[in-house]
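Subject: Structure handed over, with notes

Dear colleague,

Please find the structure below, followed by an account of what was found in it.

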Amino acid sequence: RILWDESMAGNAYEWTKKNPNGIMVGLIGADHVKFDKGVVGRYRRLVRKNKTSENSNERKIGDNDGQSLAILLNPTLIDSRPSGSVGGYKNAASSSYPDQITLQLRYLKDGVDASSDETSLPSSTGGVLPLADYIVVSEDARS
């Protein structure tokens, strides 16, 4: 999946460099969007890299170019939790229960043992990753 995400992000980035006034819309699966670690996060990394590269002879993407948004449509509990962690939840695969969605994923600081009691301490938190920039739940998905 990493290679696939990197390829999609690279192709999107190359297209936006060649079409500076264009708008690209990518319709991709939830696993390629969530927590800024899929295509969108990789695309943002390429944009940042290009903006800070001083030795490149390529056209630079301007300050207002290369903007991106991750929008997740009708996510389920399964979409928003780590793999294998939702087996005991009723309706975990349904988008009819948006109140069950986890909106961010907490991760631990380097050096914190994931099997220790330290993991529940706020001081052990390395940060959080948002599920997406925007989440849209349609009425049709809830019926």
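From the N terminus on, the elements of the protein follow the order α-α-β-β-β-β-α, which gives three helices and four strands in total. Please keep in mind while reading that this is a predicted model.

Some overall values come before the details. Of the 143 residues in the protein, 29% are buried, and the accessible surface comes to about 9,800 Å², with carbon and sulfur atoms accounting for 52% of that area. Among the contacts with a separation of 6 or more, 58% are made by residues that are 24 or more positions apart.

On the surface there is a nonpolar patch formed by Leu69, Ile71, Leu73, Tyr134 and Val136, and together these residues have about 500 Å² of accessible area. Strand S1 (71-73) and strand S4 (134-136) each contribute at least two residues to this patch. Ile71, which lies in strand S1, has a relative accessibility of 43% and therefore counts as partly exposed, since that class covers values between the 20% limit for buried and the 50% limit for exposed residues.

Turning to charged side chains, the count comes to seven salt bridges. One of them joins Arg1 to Asp31, with the closest N and O atoms 2.9 Å apart; because Arg1 lies in the segment before helix H1 (2-18) and Asp31 in the loop between H1 and helix H2 (39-52), this pair ties together parts that are 30 residues apart in sequence. Asp31 also forms a salt bridge with Lys34, where the closest N and O atoms are 2.9 Å apart, and Arg1, Asp31 and Lys34 are thus linked in a network of salt bridges.

How buried or exposed are the members of this network? Arg1 counts as exposed, at 56% relative accessibility, whereas Asp31 is partly exposed, with a relative accessible area of 36%, and Lys34 is buried, with a relative accessible area of 15%.

A further salt bridge pairs Arg44 with Asp36, and here the closest N and O atoms are 2.9 Å apart. Arg44 has a relative accessible area of 18%, so this residue is buried, while its partner Asp36 counts as partly exposed at 32% relative accessibility.

With kind regards

Technical notes. Residues numbered from 1 in each chain as written. Predicted model: local features only at pLDDT ≥ 70, side-chain atom pairs only at ≥ 80, totals over all residues. Heavy atoms only, no water. Buried < 20%, exposed > 50% of the residue type's maximum accessible area, 1.4 Å probe, protein only. Contact = heavy atoms within 4.5 Å. Areas by Shrake-Rupley, 256 points an atom, 1.4 Å probe, with all protein chains shown as cover. Patch = residues over 30% accessible without salt bridge, like charges linked within 9 Å, V, L, I, M, F, W, Y side chains within 5 Å. Salt bridge = Lys/Arg side-chain N within 4 Å of Asp/Glu carboxyl O.
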